[in-house]
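Me: I am new to this structure and would like a close look at a single part, the stretch towards the end of the chain. Please describe that part with care, and then connect it with the rest.

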Amino acid sequence: MTKATANLLYSKEHEWVLQLDGNRVRIGISDFAQEALGDIVFVENPEIDAEISANEAVGTIESVKAVSEIFTPLSGTVVSVNDVLEDAPETINEEPFEAGWLFELEMSNPEELETLMNEDQYQAFTNEGEN
Amino acid sequence: MSTEAALKQTPLFEVYEKYGGKVIDFGGWALPVQFSGILEEHAAVRTEAGLFDVSHMGEVLVVGKDAESYINYLVTNDVTTLEVNQAQYTAMCYPDGGTVDDLLVYKLANQKYLLVINAANIEKDYDWMRQHVKGEVTLQNISDDTAQLAIQGPKAETILQKLTETDLSEIRPFEFAQQVTVSGIANILVSRTGYTGEDGFELYLAADQVAALWEKLLEAGSEEGLKPCGLGARDTLRLEARLALYGQDISSEISPLEAGIGFVVKTKKESDFIAKDVLAAQRKEGVKRKLVGIEVIGRGIPRHGYKVVSEGGDEIGFVTSGTQSPTLKKSIGLALISTEYAVVGTPLKVEIRNKPIEAIVVKAPFYKRG
């Protein structure tokens, strides 16, 4: 893992969270998740201004074969979505931690960050699943 | 690992890992959904060539004096038109016109046929065939001892020809050669058939020889860009070519006429066959629902089971198969809908996660090789 991912937090649903300024966070899916999904061909993000709650299904990612839901690991208001994914959903496969981010949230309950895993914990979590 | 142990494996299971195969549970079989990636594999088959392990398919030998008349009673197409070394696509129906399976019939010799059936239907089909035995025939389910590889794509012939003395250019579509030796492996049935919409071959051989043949083919095709392919690409390729998938586009609930493969239903053939009267009536009166190609214009991908509604909001059918077409870069599918809407250009809506998304009836196949 590169140091670009060292500050990320992770959910059990394989989303990553990057803390930006104040209560603003950026959310995406992990390399492990994009690898498991395969070629991603469609992304439906939540809408801007939508109020969403932690662990709620807020969107969809489709690979050629399968439909998967996007679960938000945190509650808040959607303040930005990654429009690049509308025409180039494969960006998630190519750069899951950078250009392939999903949406940004203004957190309503920052304490929920404590429910997330750090990178080492997440690595251990994904290794567990493979055994 | 514990779940995989319960799944059936083809003789190639051990080889998948070496080529990066991602194994999934496919109707009780541990099969690779992909190797390098579905889109890459799909493109390889359209432009160069791909190699598929389809050993999970079932094979039944039918031998005996009455083999021809028996099979002709079982299936909707006319087997009597086959000559030795010709194959035919056909369907087996229940008395109500629903489909037991779609299959290929190979005429190996007079009084000797090979029926190739879908993996998920092997037991059901074999039972059905035994229950309807007529006259002097013996049936043998040789599925476990028989492996099958498919090499598909514009460069398939060039690659395969490197490994055999048999002149492949003499095998025309839906014809085959028997006892072919490929790369020193004897007794292979080489058939110019496939499930991708491209030129190519299907190779039937003894299960214990298939791993060696797989390696030889990949080696021979490396220059041409031959890629190992999984079930994911097989599905997107067949859907673009509008080839029916049993259990989705055709089933016990869907007749071959509804599924748009009426060309295999010979209601005028002289001898009787199961469901002949029902299918003749469907043909005469017209089917009430029809399988059509659809293209989703709004944002979304149609998937198996999604509802289809008319512009006015009436439920008129459902999606049987759908995907994002890798070749056309469009969201496409097949839908079984009321016949009155089954006209090219008719606007429809597909309910995708409870939202009606704009779609239109289009001509299928979506893709035809040039």
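**The end of chain B**

Reply: Pro365(B) is found in the segment that follows β19 of chain B, and the peptide bond leading into Pro365(B) from Ala364(B) is cis, with omega near 5°. All of this is read from a predicted model, in which local features need pLDDT of at least 70 and side-chain atom pairs count only at pLDDT 80 or more, while totals for chains, interfaces and linings use all residues. Residues are numbered from 1 along each chain as its sequence is written, with chains lettered from A and ligands numbered from 1 in the order in which they are written.

Strand β19 itself covers residues 355–362 of chain B, and Val362(B) belongs to this strand; strands (E, at least two residues) and helices (H or I, at least four) are DSSP runs numbered from the N terminus. Is Val362(B) buried, exposed or in between? Val362(B) is partly exposed because 16 other C-beta atoms lie within 10 Å, where 20 or more would make a residue buried and 12 or fewer exposed, with C-beta atoms placed from the backbone. Leaving aside residues up to four places away in sequence, Val362(B) touches Gly293(B), Ile294(B), Glu295(B) and Val344(B), a contact being two such C-beta atoms within 7 Å. Gly230(B), by comparison, is 132 residues from Val362(B) in sequence, and their C-alpha atoms are 28 Å apart in space.

Backbone angles deserve a look elsewhere in the chain as well. Lys329(B) is not a glycine, yet its phi is positive, near 55°, and this residue sits in the loop that joins β16 (315–325) to β17 (330–338) of chain B. Lys329(B) counts as exposed, because it has 8 C-beta neighbours inside 10 Å. Asn187(B), which is likewise not a glycine, has a positive phi of about 65°, but Asn187(B) has its place within strand β11 (residues 185–191) of chain B. With 13 C-beta neighbours inside 10 Å, Asn187(B) counts as partly exposed.

Turning to a buried position, Glu202(B) lies in strand β12 (residues 200–206) of chain B. Glu202(B) is buried because 23 other C-beta atoms lie within 10 Å. Beyond residues up to four places away in sequence, Glu202(B) touches Gln148(B), Ala150(B), Ser191(B), Thr193(B) and Gly194(B). Residues of β12 also appear beside Ile151(B), whose contacts, again not counting residues up to four places away in sequence, include Gly200(B) and Phe201(B).

Another of the contacts of Ile151(B) is Leu217(B), and Leu217(B) is one of the buried residues of helix α7 (residues 210–220) of chain B, together with Val210(B), Leu213(B) and Trp214(B). These four cover an arc of only 105° around the axis, which puts them on the same side of α7(B); the arc is that of the directions from the helix axis to the C-beta atoms.

What does the whole chain amount to, in helices and strands? Chain B has nine helices and 19 strands, and its C-alpha atoms fill a box of roughly 65 × 50 × 45 Å along the principal axes. Of its 370 residues, 49% count as buried. Among the contacts that join residues at least 6 apart in sequence, 67% link residues at least 24 apart.
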